[in-house]
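Let's take a friendly walk through this model, beginning with one helix and working outwards. Have the structure open as you read.

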Amino acid sequence: MNSHHNYPTNLDNLPSLGLTLDILLNRQEKDWGCFHVVKEGEFYALYIPSIDSFKLYKNPKSENYKGYWQNPVLETLPDVKNSSEKPDIFLRNRSKQVEEKKKNSSIITRKKQRIIDVKYRYNPCPEMYRLNQMIAQLIRDRITNNITFSPATEIMPLVLATEVDN
């Protein structure tokens, strides 16, 4: 039996989509080819023929993203502050204390480790579910490549992309 978790998410087979998703995450517009990215208010919308549009919001002051699938005929944009509108992609941040023992010593130090989890929701539409996975992984990679931390007080942050448990 096939599980919905087995869809391949390799963008190598879809270079045009990979380029478009990169443009979406860079918050730029694209009006050529079959995948379009359009600025709509504070969102950048991804339009792919025959499926709903994907609206991506990025907080201008932080690396915080929220993405929503929406019927393209709807004229209202999602409300990122309304907790009843559940985003299809979002970030969860937490931290934990980790004990670290120095080599050849009995001294134990406690350091903080941030955990940034890019969450994506299951979608019964296979294309939309697969796009949720791909966008979440691209956001995870972007955060991983740009993350900073203080080795004196922190352990390298852990950045994940996981499916949300409903």
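## Helix α1 and its surroundings

A good place to begin in this predicted model is helix α1, where Leu17, Gly18, Thr20, Leu21, Ile23, Leu24 and Leu25 are buried. What lies over these buried residues of α1? The cover includes the strands β1 (36–40), β2, β3 (53–58) and β4, together with helix α2.

Just past the end of α1 comes Arg27, whose phi is positive, at about 55 degrees.

## How the two helices meet

Helix α1 spans residues 15–25 and helix α2 residues 126–146. Their axes come within 11 Å and cross at roughly 55 degrees. That angle falls outside the ranges for roughly parallel, antiparallel and perpendicular, so α1 is oblique to α2. The crossing of α1 past α2 is right-handed.

Which residues make the contact? On the α1 side they are Leu17, Leu21, Asp22 and Leu25, and on the α2 side Leu131, Met134, Ile135, Leu138, Ile139 and Arg142. Leu17, Leu21 and Leu25 also appear among the buried residues of α1.

## Aromatic rings

Now to the rings. A pair of aromatic rings is described by the distance of the centres and the angle of the planes. The structure holds five aromatic pairs. One of them joins Phe43 and Tyr68: the ring centres are 6.2 Å apart and the planes stand at 70 degrees, which is over the 60-degree cut-off, so the pair is edge-to-face. Phe43 belongs to strand β2 (residues 43–47) and Tyr68 to strand β4 (residues 65–70), so this pair ties together parts that are 25 residues apart in sequence.

Are these two residues buried or exposed? Phe43 has 3% relative accessibility and counts as buried, and Tyr68, with a relative accessible area of 4%, is buried too. Ring pairs also bring in Tyr57, linking Phe43, Tyr57 and Tyr68 into a cluster.

## Charges over rings

Two lysines are worth a look. The charged end of Lys30 sits over the ring of Trp32, 4.1 Å from the ring centre. Lys58 lies over the face of Tyr65, with 5.9 Å to the centre of that ring.

## The whole protein

Stepping back, the protein has two helices and seven strands. Read from the N terminus, the order of elements is α-β-β-β-β-β-β-α-β. The C-alpha atoms fill a box of roughly 65 × 40 × 30 Å along the principal axes.

Of the 166 residues in the protein, 40% are buried. Among contacts between residues at least 6 apart in sequence, 47% join residues at least 24 apart.

Notes: Residues numbered from 1 in each chain as written. Predicted model: local features only at pLDDT ≥ 70, side-chain atom pairs only at ≥ 80, totals over all residues. Heavy atoms only, no water. Phe/Tyr/Trp six-rings, centres within 6.5 Å; stacked < 30°, edge-to-face > 60°. Helix = DSSP H or I, 4+ residues; strand = E, 2+ residues; numbered from the N terminus. Buried < 20%, exposed > 50% of the residue type's maximum accessible area, 1.4 Å probe, protein only. Lys NZ or Arg CZ within 6 Å of the ring centre and 35° of its normal. Axes fitted to C-alpha atoms, helices over the stretch in contact; angles between N-to-C directions. Parallel < 35°, antiparallel > 145°, perpendicular 65-115°, else oblique. Left-handed = near helix turned anticlockwise from the far one by under 90°. Contact = heavy atoms within 4.5 Å.
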